[in-house]
Amino acid sequence: MAKVIWPNYLLELLLELPSKDADLILEKTRALKRFPRMYPIRTKGRFRRHRWLLAGRWIVYCRVADGIVHIRALWPAKIP
């Protein structure tokens, strides 16, 4: 099983999000422990070479290295 590491600034952001959004993000990223390479890799743009997953209204970007999943960013899926 892989280890999932969240930076402090993203944990603080999760606390500021509505609980519905935060719960969905945590639920989707929980699968990364068992299947760290399940999601596709971006090939272009700011987050190239990052895996990404859609969690409701948010895109979660992460990188996998040596059995550790590093959560890198939360990005709005739709900018109003």
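Is R72 buried, exposed or partly exposed? R72 counts as partly exposed, because its relative accessibility is 40% and that class runs between 20% and 50%. Keep in mind that this is a predicted model. Here's a quick tour of the charged surface, the nonpolar core and a salt bridge.

**Positive patch**
- R72 sits in strand β4, which covers residues 68-76.
- On the surface, R72 gathers with R48, R49 and R63 in a patch of positive charge.

**Nonpolar core**
- The largest nonpolar core has 19 residues, and the ones touching the most other members are I25, L32, V69 and I71.
- Two or more residues apiece come from helices α1 (8-16) and α2 (19-30), and from strands β2 (51-55), β3 (58-65) and β4.
- Strand β3 chips in the largest share of this core, with four residues.

**A look at L53**
- You'll find L53 in strand β2.
- L53 counts as buried because its relative accessible area is just 1%, and the cut-off for buried is under 20%.
- Twelve residues separate L53 from I41 along the chain, and their C-alpha atoms are 9.5 Å apart.

**Salt bridge**
- There's one salt bridge in the structure.
- R57 pairs up with D21, and their closest N and O atoms are 2.8 Å apart.
- This pair ties together distant parts of the chain, 36 residues apart: R57 is in the loop between β2 and β3, while D21 is in helix α2.
- The two partners sit in contrasting settings: R57 is exposed at 56% relative accessible area, whereas D21 is buried at 9% relative accessibility.

How values were computed: Residues are numbered from 1 along each chain as its sequence is written. This is a predicted model: local features need pLDDT of at least 70, side-chain atom pairs count only at pLDDT 80 or more; totals for chains, interfaces and linings use all residues. Side-chain values use heavy atoms; hydrogens and water are left out. Patches are made of residues with over 30% relative accessible area and no salt bridge: like charges are joined within 9 Å, nonpolar side chains (Val, Leu, Ile, Met, Phe, Trp, Tyr) within 5 Å. Accessible areas come from the Shrake-Rupley method with a 1.4 Å probe; for residues, only the protein chains shown count as cover. A salt bridge is a side-chain nitrogen of Lys or Arg within 4 Å of a carboxyl oxygen of Asp or Glu. Lys and Arg count as positive and Asp and Glu as negative; His and the chain ends are not counted. The place of a charge is taken as NZ of Lys, CZ of Arg, CG of Asp or CD of Glu. Buried means under 20% relative accessible area, exposed over 50%, partly exposed in between (1.4 Å probe, protein chains only). A nonpolar core is a set of buried Ala, Val, Leu, Ile, Met, Phe, Trp, Tyr and Cys residues joined through side-chain atoms within 4.5 Å.
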